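Here are my comments on the model you asked me to look through, set out as numbered points. Please read them with the sequence and the structure open beside you.

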Amino acid sequence: MDRPLLFNAFEMASAMHNAHGLWKHPDSERHRRYKELPYWVEMAKRLEAGLFDAVFFADVLGVYDTYRQSPSPSIRDGMQFPLNDASLIIPVMASVTTHLSFVLTASTTYEHPFHIARRFSTLDHLTSGRIAWNIVTSYLPNAAANFGLEKMIAHDQRYEIADEFLEVVYQLWEGSWEDGAFVEDRTAEVLIDPDKIHPICHRGPFFAVKGPHLCEPSPQRTPVLYQAGSSERGRAFAAKHAECVFVGAPSAERLRAYIGDIRRQAEQCGRDPEQLKFFTFLTVIVGKTSEQAEAKFEQLRRLWSADAAKAQFSGASGYDLAEYEGKPAHEPFLFRPTDHGHYKAASLTKDATKPLTIGEALQKAGTLTRESVIIGNPTQVADAIEERARRSGVDGFNLVHLVTPKDLDDFIEYVVPILQRRGLYKTAYTDGTLREKLFGGGARLPSHHPAAAFRSIGVHAKSS
Ligand SMILES: Cc1cc2nc3c(=O)[nH]c(=O)nc-3n(C[C@H](O)[C@H](O)[C@H](O)COP(=O)(O)O)c2cc1C
């Protein structure tokens, strides 16, 4: 590896995230403190001291109620519930840091582009260009019900909506305001030059937005664009729009295949494929010695909640695992498309390293498995991270922390210094916005990105 890897803390403004049942761990603080500002202030300072690139806030807009057709298994363990609005936490974290960046997940299915454009412009201003948007189309039926729909919009149609959603926000961010519109000319008595502000007059199948954008151009204009979703349609969407892609797959080989596919498709879209960065999950259980790490793993396994884990799998995939619990365990566990999301289902079916029976799939879905984590002393953990990055071709990781904040502290204390000695972890931040830190160019999107087409005011005239 010839350059440092990127590290985001994988977060959620929730009592619990992906640490099923681990609120019972004696060192868990988050399930009580996630709703207090001091918790997030401390978190921001800890992550910046540890030279993390960003906090990645996942988000959902409903409860997980697919498993046993009930929300109880997820609610009982506080699985991604209760869940606050991370966008209101970010400015506070930004106010006590200089370099730490923030990835905020927001849905193109249940939000409106005019609103999203305004929220991200505001956040980009308040963070001085340290904001990214993780674009998702959302997979929970309860989210659909919360926004007035009887059932979820079909999987691929959500991506059609997302494509138009992006076209609208690109116009607002890139085209609505010309540079230099804020003139503050006392002699002419003009604060903002109206001739440099343009309505976008967008009319499409899903959205009609007149504009102009309410916010003046922020440091990055368009936030850094992340995307999470690895179905065929999701990968095509990533190739067209994303600068960073969050990929989920159970093996380095599948990750490499997804990355190769998205890069190929990005090139076909006229983009520079090497300018896309890829991230995946990383869960580390580190101890001073390997024996300590193994003891820690055993404790976590004992506390793990199979029900909460199955509730997450069922909600994300659309497979109610309770139905499978009533079927013969030796039968094959097969992929079937649903309107939920692709990646969880694929991880135990077509992306699995070997075909699984129903019994094996249920066991894996409900257990903290050895394959899903890296366990060891600091050197063993650093070796495994290096190996995973090399084999998969990812540029970075979203670090899951099972016991918060202890696991983050352990990672920073034990693993970061070793990675630094190997040149795999930065030793200082670089200046600039998140886009400049990640890609080294300017603060704004490069000209090969499709959003650049909306910089020309003529485009808006045509669409009006
Ligand atoms: C690694 C990964 C992380 C994701 N995180 C979220 C999330 O935080 N919130 C959310 O609503 N959807 C999330 N999604 C799923 C998206 O909502 C996605 O747009 C939708 O489920 C379709 O995904 P698919 O293309 O994999 O089918 C995630 C997907 C992946 C692969």
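The points below take up the domains, the ligand, three helix pairs and some backbone details.

1. It should be kept in mind throughout that this is a predicted model. The domain assignment divides the chain into domain 1, made of 6-174 + 204-288 + 374-463, and domain 2, which covers 305-367. Taken over C-alpha atoms, the centres of domain 1 and domain 2 are 25 Å apart.

2. The two domains touch through 25 residues of domain 1 and 23 residues of domain 2. On the side of domain 1 that touches domain 2, the residues are ten nonpolar, twelve polar and three charged by class.

3. Where does the ligand lie with respect to domain 1 and domain 2? Both domain 1 and domain 2 contribute residues to the shell around the ligand, and the ligand therefore lies between them. There are 19 residues around the ligand, and those that come nearest are Ala58, Gly229, Gly234, Gly341 and His342. Sorted by class, the shell around the ligand holds seven nonpolar, eleven polar and one charged residues.

4. Turning to helix packing, helix H5 (residues 113-126) and helix H7 (residues 155-175) pack with their axes 9 Å apart and at an angle of about 45°. An angle from 35 to 65 degrees falls in the oblique class, and H5 and H7 are therefore oblique to each other. The crossing in which H5 passes H7 is right-handed. On the H5 side the contact is made by Pro113, Ile116, Ala117 and Ser121, while H7 supplies Phe165, Val168, Val169, Leu172 and Trp173. The residues of this contact of H5 with H7 comprise eight nonpolar, one polar and no charged.

5. A second pair is formed by helix H8 (residues 232-241) and helix H9 (residues 252-268), whose axes come within 8 Å and cross at roughly 50°. This crossing angle makes H8 oblique to H9. H8 passes H9 in a crossing that is right-handed. The residues that make the contact are Arg235, Ala236, Ala238 and Ala239 from H8, together with Tyr258, Asp261, Ile262, Gln265 and Ala266 from H9. How do the residues of the contact of H8 with H9 divide into nonpolar, polar and charged, and how many fall in each class? The contact of H8 with H9 has six nonpolar, one polar and two charged residues.

6. The third pair consists of helix H15 (residues 378-392) and helix H16 (residues 406-421), with axes that cross at roughly 55° and come within 9 Å of each other. H15 and H16 are therefore oblique to each other, and H15 passes H16 in a right-handed crossing. From H15, the contact draws on Pro378, Thr379, Val381, Ala382 and Ile385, and from H16 it draws on Tyr414, Val415, Ile418 and Leu419. By class, eight residues in the contact of H15 with H16 are nonpolar, one is polar and none is charged.

7. Two cis peptide bonds deserve a look in the backbone. One of them joins Phe81 and Pro82, with omega at about -5°, and Pro82 sits in the loop between helix H3 (72-76) and helix H4 (90-95). The other runs from Gly211 to Pro212, with omega near 10°, and Pro212 belongs to the loop between strand E8 (208-209) and strand E9 (224-228).

8. A last backbone detail concerns Gln69, a residue other than glycine whose phi is nevertheless positive, near 55°. Gln69 is located in the loop between strand E2 (54-57) and H3, and H3 is also the helix that precedes the loop holding Pro82.

Methods: Residues numbered from 1 in each chain as written. Predicted model: local features only at pLDDT ≥ 70, side-chain atom pairs only at ≥ 80, totals over all residues. Near = placed C-beta within 6 Å. Nonpolar A, V, L, I, M, F, W, Y, C, P; charged D, E, K, R; others polar. Domains from an automatic or database assignment. Axes fitted to C-alpha atoms, helices over the stretch in contact; angles between N-to-C directions. Helix = DSSP H or I, 4+ residues; strand = E, 2+ residues; numbered from the N terminus. Parallel < 35°, antiparallel > 145°, perpendicular 65-115°, else oblique. Left-handed = near helix turned anticlockwise from the far one by under 90°. Contact = placed C-beta atoms within 7 Å.
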